[in-house]
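Got the model open and wondering where to look? Here's a quick tour you can follow on screen.

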Amino acid sequence: MMSHAARWNLRLLSAVFAAFLIALAATPADADDVEQLVQALGDRNFSTKITAVGDLAATGDPRAVPVLDAMLAGDLAVRSSDSKVVIIEHSGRTMIVRDPLTLAEIGEAQPADIDAITVNNRLRGVLRGALGGLTLLSPDADRRRAAADAVFKTADATLLPLLEKAQARETDTGVRERMDRALAAMRVSTATGVDQRLAAIATLRGFPDPDVRSLLANIAASDTDPAVHKAARDALDHVELRLTLWGLLGNVFQGVSLGSVLLLAAVGLAITFGVMGVINMAHGEMVMLGAYTTFVVQDLFRTYAPGALDYALLVAVPSAFVVTGLVGIAVERSIIRFLYGRPLETLLATWGLSLILQQVVRTVFGPSNREVSNPSWMSGAVDLVGGLTLTYNRIWIIVFSLVVFALLMLLIRGSAFGLQMRAVTQNRRMAAAMGIRTGAVDALTFGLGSAIAGIAGVALSQIDNVSPNLGQSYIIDSFMVVVFGGVGNLWGTLVGGLSLGLVNKFLEPYAGAVLGKILVLVAIILFIQKRPRGLFALKGRAVEN
C-alpha cells in the first residue's frame, strides 16, 4: 500500500502538472463551475457523485486530477463544520485539511470532524476513466497512451470533447493510434448518423485486439440497423482472423522459447549420453546446481555490491560453468570411469547420485524455493498488436541458448580438445595409440556436459523456481530431445529441442499440458520404432556399443 506521505508527494506532482496544463489549455473552465462540481462530490447519492465526476472530467480542468485521485484513494472528505469538500492527509493522530483545488493547507481536524466520501465499485470505474481522460494532455507519452486505453474501456461519452482535443494535438504516432481507437469506440456508440458509425467501425477494423473484438461482437449482436450490423460483422470477422494469426505467432514464440529451454537442458546431455554413451540421471541436478550458483552469486552482489546487482547474472554464467564443470569431472573420476560399457549400473549409480545432490542442497539451502530476480535489462515485455506479449527474459534465453550452441559447435569443430573428443568417440583404441590420453578426455568431456547443464540452470533461474527439484522437471524432456534428434548429434539436439517445444505449445490449447506431453512421448516412441537412431544418425562409439 502507498503511504500517505507518498500519496501527498504524488499530489504535489499532480499540482505541478496541473499548472502546466492550465497554461496549455485553450479554454479553461470557469472557476465557480469547477468548485460547484467538486462540492457535488460530497453528495450522499452515488448517482449525483457519478454525474459530478463525469462533468468535472468534461471540463478538462487539470485541477480536477488531484481531487479525483484523492477520491479514488479514499482521502476526499466532507468537513462537518461547513460541509466543505476537502482533501485530508493523515499526520499522527490528527488530519491536515487541504483545499481540493489549490492544495493549500486550510487547517487541522480530528476524525470526528470529518465525514469520508464513500466510493463503490461503479464509481471507482468512473473515477479511473475520468482520471484517464484528464491525463490525455500529459507531457508523458506513456501516460497519454494509458489514458487513451482507459477512456476506451470506460467509453464515457462526457470525455469525448476532451479526447477530440487531445487527439487533435497529439504528435506521437503510437499514442495517436490509441486515441483514434478510443474515439472510434465512443462514436460507434454515441453517434446518431449511420455514416459516422460506419466510419467508426472501419477505424476499429484496423485494431486486432480482444477489446475491439468484444465491442464489435456486441454491436453485431444488438444493433438493428442493417448497414451497421453488416459492417460490424465483417469487421469482427476481419479482427478475429488477424487475432488468430497473431495467436499463432504467439504460439510460435512460446514454442521457440520452450524449445530453447529444452535445448539448453539437453545439449549437455547430448555430450554425456550421446557422445560418451553414459546414461546420466544426475544431469538434472547439474542444472539445479547451476541455478543455485546463480542464487549465491546474486546474494553476494545484493549484500556487498547492491548497485551492481544488474551485473550479477553476467558473473553467474562463468561461475556456474566452473562449479558444475568441476563437479562433473569429480563425478566422472570417482564413479563413471568404473562403469563404462555397463549402462544399467551407470543409470542406477547416477540416479543415486541425483538423490544425494538433492539432499545436500536441501541441507545447505533448505527445501523451500529461492528467489532469483531478473536484472532490469531482462525485466518487462514488448506488447504487440493482438494481445501478443514477448517477455524480455524469454527473448534473452532464446538468444543465449543459440549463442551457447554456437560456441559449443565451435569448440568441438575448431579446437584441439574437440578433435581429441571426436577421435576418442570414433575409435578409442586408435586414439590411445596416437598418444591421446583417453581418460583425461573422458573426464573433460563429462565435465563439459555438466558445465553446459550448469549454465542452463542460470537461464532457467530466470523463468522457473530455484528449488532442489528443479532438474527433475527437465531430465525426461532432455532425454526425449536427445533421442529424437539423434544420439550424439548436436544439430539433431537443436532441431529436436525446437521441434518438441513447438509441438508442445501447439498441442496444449487442445489437449492440455499433461496430455500434450503424453502424446509427444507416444509419438517419439513410434518414431524411434521407424528410425532407431533418431533424426540425424551418428556413427561412433555410442552407436557401435
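What follows is a short briefing on a few helices, some charged pairs and two loop residues. Keep in mind that this is a predicted model. We'll begin with helix α14, which covers residues 343-365, and end with Asn-280, found in the loop between α11 and α12.

**Helix α14**

- Start with length: α14 has 23 residues, and at 1.5 Å a residue they should span 33 Å. The C-alpha atoms at the two ends are 32 Å apart, which agrees with that expectation.
- Now look for what's tucked away: Thr-346, Thr-350, Leu-353, Ser-354, Leu-357, Gln-358, Val-361 and Phe-365 are the buried residues in α14.
- Here's a handy rule for reading a list like that: an α-helix has 3.6 residues a turn, so residues three or four places apart point the same way.
- What do the buried residues of α14 pack against? Their partners are α12 (283-304), α13 (312-334) and α19 (472-485).
- Just after α14 comes Gly-366, and its phi is positive, at about 90°.

**Salt bridges**

- How many salt bridges does the structure hold? The count is 15.
- One of them pairs the side chains of Arg-178 and Asp-149, at 3.1 Å from N to O. This pair ties together distant parts of the chain: Arg-178 belongs to helix α8 (residues 173-190) and Asp-149 to helix α6 (residues 141-154), with their positions 29 residues apart.
- Arg-178 is partly exposed, with a relative accessible area of 23%, and Asp-149 is partly exposed too, at 21%. Both count that way because buried means under 20% and exposed means over 50%.
- Another bridge joins Arg-333 and Glu-332, at 2.7 Å from N to O. Is each partner buried or exposed? Arg-333 is partly exposed at 32% relative accessibility, whereas Glu-332 is buried at 0%.
- Arg-342 bridges to Glu-345, with the closest N and O atoms 4.0 Å apart. Here Arg-342 has a relative accessible area of 39% and is partly exposed, and Glu-345 is partly exposed at 36%.
- Some bridges share partners, and in this way Asp-149, Arg-178, Arg-181, Asp-209 and Asp-211 are joined into one network.

**Helices α15 and α18**

- When two helices pack, they're described by the angle between their axes and the distance between the axes.
- For α15 (residues 392-414) and α18 (residues 438-460), the axes come within 11 Å and cross at roughly 165°. That makes α15 roughly antiparallel to α18, because angles over 145 degrees count as roughly antiparallel.
- The crossing of α15 past α18 is right-handed.
- Which residues meet here? From α15 come Ile-397, Phe-400, Val-404, Leu-408 and Leu-411, and from α18 come Leu-448, Ile-452, Ile-455 and Ala-459.

**Two loop residues**

- Gly-206 sits in the loop between α9 (194-204) and α10 (210-222). Its relative accessibility is 44%, so Gly-206 counts as partly exposed.
- Gly-206 and Ala-235 are 29 residues apart in sequence, and their C-alpha atoms are 8.5 Å apart in space.
- Asn-280 is in the loop between α11 (226-275) and α12, and at 1% relative accessibility Asn-280 counts as buried.
- Leaving out residues up to four places away in sequence, Asn-280 touches Leu-269, Thr-272, Thr-350, Phe-446, Ile-475 and Phe-479. You've met one of these already: Thr-350 is a buried residue of α14.

Methods:
Residues are numbered from 1 along each chain as its sequence is written. This is a predicted model: local features need pLDDT of at least 70, side-chain atom pairs count only at pLDDT 80 or more; totals for chains, interfaces and linings use all residues. Side-chain values use heavy atoms; hydrogens and water are left out. Helices (H or I, at least four residues) and strands (E, at least two) are DSSP runs, numbered from the N terminus. The expected span of a helix is 1.5 Å times one less than its number of residues. Buried means under 20% relative accessible area, exposed over 50%, partly exposed in between (1.4 Å probe, protein chains only). Contact means heavy atoms within 4.5 Å. Axes are lines fitted to C-alpha atoms, for helices over the stretch in contact, and angles run from 0 to 180 degrees between N-to-C directions. Angles under 35 degrees count as roughly parallel, over 145 as roughly antiparallel, 65 to 115 as roughly perpendicular and the rest as oblique. A crossing is left-handed if the near helix is turned anticlockwise from the far one by less than a right angle, and right-handed if clockwise.
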